[in-house]
Amino acid sequence: MVLGLGSAATGIDRAGRGIGHAARGIASALRGATRATGQQVWRTAVRAPLDTGGFLGASAAAWIATSPSLLPRTWWMWTANIGLSQIYGYTTGALTQRLLGRAGRAVGLQVSISPEGRHRARLLGGAALTGITTYSWVRGVLRQREISHLVQQEPKNLATHLVGAAGGVAASAGALLAARAVIATARVYRAVLRPYLPPRVLEATSLLLTLATVGVLAERFVRGRLLEQAIERAEAANLLISPELTPPASPLRSGSAASGEDWTALGAQGRRIVSFGADARLISATTGEPAVEPIRVYAGKSTTRTIEEAVEAVLAELDRTGAWEREVLVLFTGTGTGWLQEWSLSAIEFLTGGNCATASLQYSVYTSALSYILDRRSPQRAGHLLFDAVRRRLDRMPAADRPRLFVAGESLGSFGGHAAFRDLPDMLDRVDGAVWTGTPGFTPIWRQLVARSRPGAPAIAPILDNGRHVRVVTRPRDLYQDYWGGLYEPWQSPRVVYAQHPSDPVAWWEPSLLWAEPAWLRERVGHDVTDAMRWFPWITFWQIAADMPLSIKVTGGHGHAYHEELVPIWAAVLGRDGTDDDEHELHRRHRRIVDAIRELGPPD
């Protein structure tokens, strides 16, 4: 009996091993077949010739991409513009060709060309494409020179345009290969699964598997590499302590020995903010009048501190420094990294003789672009929480003892600072003045201002109540006359200024550029924008987006660089703009302040 059981077990074991060998053989054969099928499909898809409609569409899009935008282009801006435009053009052209082909087959239309005619058409088409491409590129280079002169910059050299154009073609070719790789992946899944699944299930399953594959790769590349690296770089930059900076000696600044805020915890931008600026002696020497030491309050961001706790830290610093006893208190909402415009800070201090306090907090360590993508609520929460807390404290003080309250912000800081108010009347009711610079077009209150603008006013400089309280300033002369040169009504308090350069891409970029032509571009009235600029779906969106990263580096008074014009702007908002009788003296005074700020070397 035992021997019989042992023999049976041995037989079963041998049979099992035989089945295992057979299964492994089948799996190996299947993998071999799958690999061979995959390689064949990939070769067929990736090496396929260019789609005629797609090629023509990409060529036309590339011609349009050389058209001008707001600012002069670097090589990578050329690359981005041409690459993204060609992707759009190829997709649109290929889809159009397929739709026309299906329509032709539906009506029985057939078009045939003789071999000789096809050869002649190719020669003529190639010559036409070469000629149009050359013309559009040369025209684009000349337009770039025109834009450089408009924003007072040296034109880029020819190599910049050549490298950028070549890079754009390479980028679009890479995108085409990636798209074909996705198509090839779907075909591989269909080829492998076809023997096992019915047709309807096969299409759905292969689509889901392709989407899952692309999703995993995109997650690993975009989130696992690009996004995480950007976050790591932002966090590292925030911790970096510049050797040129030292903790402030004045006890009236956060980060000093007397401060409750540790110098190292202020963040990279916070440390720069409290380290720069003029003292009472320099202010007095510049203005020729007695001055006091200005107050700068700032609270940094940490992983253990909420925005509410940062607001409490700002209030504690305002209490410690005696900021409530100053004549002027200005609340700033910073950009993503916590950056504030030094020109604004210094202008306020010089114009008030130092009898002021400025306060802000850091809500993020990310750049504004990264903050816009990852977290648009934090700038808004920071703006309204800080303002509400300070407003409540002021409301508890006797009216005669309160400092005048002003608000300010630039770029994403302007977007966040506006969140403290329901609308313009609410802003005018709760502040003594405001200066908003480079306000993004998607800011709700800016949209309200544009919607209520006087008919006939340009979109880049809307007019509300003939300038009684709110004025949009594209250049300093717009403080006292509208964009067309007409006089405003007498300026009443509170005064609010929106400083918006026509060539500022941050102010005019918004998602709707993808599909709709904006009024400001249709009017083409900007004094530092070429009138050759036109709107095209998809393309203009990316052109202006590519203008944004370097817009703060252009000459002051253009792009997103708001510099010395902030001195007369703040003078007007603070009510220190004098009268018509002393206009020349006022200009000389502002000039001395501008020169003094430049000597300080503000960290623009």
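This report walks through one helix, several salt bridges and the aromatic contacts of a predicted model.

## Helix α8 and its two sides

Let's start with α8, which spans residues 280–287 and has Ala280, Ile283, Thr286 and Thr287 as its buried residues. Look down the helix axis and those buried residues fall within an arc of 135°, so they line one face of α8. Flip to the other side and you find Arg281 and Ala285, both exposed.

What sits on top of the buried residues? The cover includes α10 (342–351) and α20 (583–600). Both of those helices turn up again below, each with a salt-bridge partner: Glu342 in α10 and Arg591 in α20. Just after α8 comes Gly288, with a positive phi near 75°.

## Salt bridges across the chain

Searching the whole structure turns up 24 salt bridges. One of them joins Arg296 to Glu342, with 2.9 Å between the closest N and O atoms. This one connects distant parts of the chain, since Arg296 is in strand β1 (residues 295–299) and Glu342 is in helix α10, 46 residues apart. Are these two residues buried or exposed? Both Arg296 and Glu342 are buried.

Glu327 and Arg404 make another bridge, with their closest N and O atoms 4.0 Å apart. Here, too, distant parts of the chain are linked: Glu327 belongs to the loop between α9 (307–321) and β2 (328–333), while Arg404 is in strand β4 (residues 404–410), 77 residues apart. Glu327 is partly exposed, at 31% relative accessible area, and Arg404 is also partly exposed, at 28%.

## Back to α20, and a network

Arg591 and Glu564 meet through their side chains in a salt bridge of 3.3 Å, N to O. Arg591 is in helix α20 and Glu564 is in the loop between α18 (539–547) and α19 (566–573), so the bridge ties together parts that are 27 residues apart in sequence. Arg591 counts as partly exposed, with 33% relative accessibility, and Glu564 gets that label as well, at 29%.

Some charged residues go beyond a simple pair. Which residues are linked in a network of salt bridges? Asp388, Arg422, Asp426 and Arg430 are.

## Aromatic rings

On the aromatic side, the structure holds 14 pairs. Take Trp509 and Phe541: their ring centres are 5.4 Å apart and their planes sit at 45°, so the pair counts as tilted. Trp509 is in the loop between α16 (505–508) and α17 (519–523), and Phe541 is in helix α18, so this pair ties together parts that are 32 residues apart in sequence. Trp509 counts as buried at 12% relative accessibility, and so does Phe541, at 9%.

Zoom out and these two rings belong to a cluster. Ring pairs link Trp509 and Phe541 with Tyr88, Tyr372, Phe415, Phe442, Trp538 and Trp542.

## Arginines over rings

Two arginines are worth a look here. Arg376 lies over the face of Tyr372, at 4.1 Å from the ring centre; Tyr372 is one of the residues in the aromatic cluster. Arg73 has its charged end over the ring of Trp78, 5.3 Å from the centre of that ring.

Conventions
Residues are numbered from 1 along each chain as its sequence is written. This is a predicted model: local features need pLDDT of at least 70, side-chain atom pairs count only at pLDDT 80 or more; totals for chains, interfaces and linings use all residues. Side-chain values use heavy atoms; hydrogens and water are left out. Buried means under 20% relative accessible area, exposed over 50%, partly exposed in between (1.4 Å probe, protein chains only). Helices (H or I, at least four residues) and strands (E, at least two) are DSSP runs, numbered from the N terminus. The arc is that of the directions from the helix axis to the C-beta atoms. Contact means heavy atoms within 4.5 Å. Rings of Phe, Tyr and Trp (its six-membered ring) pair if their centres lie within 6.5 Å; planes under 30 degrees apart count as stacked, over 60 as edge-to-face and the rest as tilted. A charge sits over a ring if NZ of Lys or CZ of Arg is within 6 Å of the ring centre and within 35 degrees of the ring normal.
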